[in-house]
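User: I would like a close look at one part of this chain, with some background on the whole first. Please keep it plain, as I am in my first year.

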Amino acid sequence: KKMNDQTVAAKDIGGGIVGTLVRFSWRCSACVSGLVALVAGALYWKQDSLLYFPKIGGVPRHPSQNPRRYRSPSEHDVPFEMHMIKCEDGVTIHSWLLYHPSSSNNKEIPTIIFFHGNAGNIGLRLPNAVQMYHYLHANIWLVEYRGFGDSDDAVVNEKGLKLDAEAVLKYAHDQNNTMSNVNVEKLFVFGRSLGGAVAFHMAKFAQVSKYPLAGVLVENTFVSISTMVDHLMPYIAPLKSLVLRIGWNSGEIAPTINIPTMFLAGAQDTLVPHGHMLELFTRMKNSKTDNLVRMHVVKNGTHNETWMQGGKAYWVAIKRFLHDVLSAEEHNDGRAVTKNGTGVFQRKTSTSTTECTEALSSSVTNESIEVSMGSNDGEDAAGMISSVGNFMGMAREATRSVAAGRGGNPSAPSKKKE
């Protein structure tokens with residue numbers, strides 16, 4: 001009987017422990033499920049404010065509020081025009097056109113539309129734009145999205161930014177615009193990070209609407225927001241079909257583009273994994289469209305700083321791409337350059353590297369190009385754009401918001417900066 005009593009007691013104790021563990025597991029599961037539900041809810045209702053940051057932390061909204069040398073192209077002794085562009089929905093966006101004084105007489109000078117990332121105003125991109133202006137001998141057209149900088153206050157979302165891109169291309173080809181220094185036959189578009197997705201949309205719109213676009217350059221951009229969620233928030237991934245409203249599916253667009261395209265990638269990008277650029281390049285390279293596709297990788301390049309870390313080779317690669325595209329199209333009656341190249345393109349390719357290197361070497365003497373600017377402007381600008389203004393920041397901020405009960409308020413500053 002004593003043995004039976006001990007056995008019963010042991011069973012009771014064991015049963016109690018098992019019951020406690022079961023109840024604890026259920027509570028943990030409920031907490032985890034609740035946390036996932038909260039994060040998913042925050043993403044659904046706040047995803048636009050978690051992606052787009054016209055103003056955040058210490059980064060001002062308007063260029064005029066920036067520190068010195070980030071307020072206007074005039075601070076860099078670069079001639080420019082301000083253009084206000086009206087979009088289809090009535091929103092007006094702000095832009096600066098940095099133009100070469102000789103471009104009105106020299107129709108060979110290309111113009112590069114510059115679409116920035118998802119945080120801060122165009123003034124923060126001036127050091128990069130000024131380098132492009134000088135080293136590529138091109139007009140640089142800096143565009144601010146709606147809700148950013150000196151553009152109209154408006155809801156910032158994917159639909160709106162796509163309208164912005166379309167309006168810019170229409171404006172460039174409008175015979176009544178006030179730009180007298182742009183040859184629209186030599187119009188390129190450049191986009192970094194989010195700007196890369198905007199650039200791909202412009203390329204798609206150009207093809208559908210038959211507006212000429214000479215080429216596309218994208219730097220450290222992503223396949224889609226959906227694939228970014230898979231990488232950054234795997235625990236949300238099963239729910240993304242229910243909560244994710246943002247697309248920006250460049251992976252779907254890239255294989256359909258029949259416009260010469262160059263990919264500029266930083267192999268050490270920890271914000272948008274380097275694999276995204278490789279995937280986009282591969283999809284376009286293997287597509288059925290007969291299109292020129294190139295890629296230049298900066299081995300030590302990071303998300304916002306690849307243009308500073310690439311040295312002379314970075315600028316030579318871009319200039320060679322511009323040169324080859326324009327030379328081939330000039331001798332090919334304006335038709336797009338193909339993957340295999342026309343006969344003219346094949347002949348030009350063999351000499352363009354030398355020509356471009358010599359052109360750059362005359363003005364660039366340092367291996368690290370940004371040093372020749374005589375300041376640390378580029379590094380300062382990169383530091384001013386908080387990591388919360390990129391996709392890693394989006395994931396971190398969503399988690400912080402839920403934990404702190406802020407519901408994704410983007411006005412709270414992020415301590416870490418990239």
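How many helices and strands does the chain have? After that, please look closely at Arg 146: which residues does Arg 146 form salt bridges with, and what lies around helix 3?

Analyst: This is a predicted model, and the chain in it has 13 helices and 8 strands. Of its 418 residues, 55% are buried. Among contacts with a separation of 6 or more, 76% are between residues 24 or more positions apart. The surface that the chain exposes comes to about 18,100 Å², and carbon and sulfur atoms supply 54% of that area.

Now to the part you asked about. Across the whole structure, a search finds 9 salt bridges. One of them joins Arg 146 to Asp 89, with the closest N and O atoms 2.6 Å apart. Arg 146 sits in the loop between strand 4 (139–143) and helix 3 (158–173), while Asp 89 sits in the loop between strand 1 (80–86) and strand 2 (92–98), so this salt bridge ties together parts that are 57 residues apart in sequence. Arg 146 also forms a salt bridge with Asp 164, at 2.9 Å from N to O. This second pair links the loop between strand 4 and helix 3, where Arg 146 lies, to helix 3, where Asp 164 lies, and the two residues are 18 apart. Taken together, Asp 89, Arg 146 and Asp 164 are linked in a network of salt bridges.

The members of this network can be placed by their accessibility. Buried means under 20% relative accessible area. Arg 146 has 3% relative accessibility, so it counts as buried. Asp 164 counts as buried because its relative accessibility is 1%. Asp 89 has 40% and therefore counts as partly exposed.

A salt bridge in helix 8 (residues 274–285) can be set beside these. Arg 283 and Glu 279 form a salt bridge there, the closest N and O atoms being 2.7 Å apart. The two residues are 4 apart within helix 8, about one turn of the helix. Arg 283 is partly exposed, with a relative accessible area of 32%, and Glu 279 is partly exposed as well, with 33%.

Helix 3, which holds Asp 164, also meets helix 4 (residues 194–209): their axes come within 9 Å and cross at roughly 55°. That angle makes helix 3 oblique to helix 4. The crossing is right-handed. On the helix 3 side, the residues in contact are Leu 161, Lys 162, Ala 165, Glu 166, Val 168, Leu 169 and Lys 170. On the helix 4 side, they are Leu 194, Val 198, His 201, Met 202, Phe 205 and Ala 206.

Two loop residues complete the picture. Most residues other than glycine have a negative phi. Ser 193 is not a glycine, yet its phi is positive, about 60°. Ser 193 is found in the loop between strand 5 (187–192) and helix 4, and it is buried, at 2% relative accessibility. His 137 also has a positive phi, near 50°. His 137 is located in the loop between helix 2 (126–135) and strand 4. With a relative accessibility of 37%, His 137 counts as partly exposed.

How values were computed:
Residues numbered from 1 in each chain as written. Predicted model: local features only at pLDDT ≥ 70, side-chain atom pairs only at ≥ 80, totals over all residues. Heavy atoms only, no water. Buried < 20%, exposed > 50% of the residue type's maximum accessible area, 1.4 Å probe, protein only. Contact = heavy atoms within 4.5 Å. Areas by Shrake-Rupley, 256 points an atom, 1.4 Å probe, with all protein chains shown as cover. Salt bridge = Lys/Arg side-chain N within 4 Å of Asp/Glu carboxyl O. Axes fitted to C-alpha atoms, helices over the stretch in contact; angles between N-to-C directions. Parallel < 35°, antiparallel > 145°, perpendicular 65-115°, else oblique. Left-handed = near helix turned anticlockwise from the far one by under 90°.
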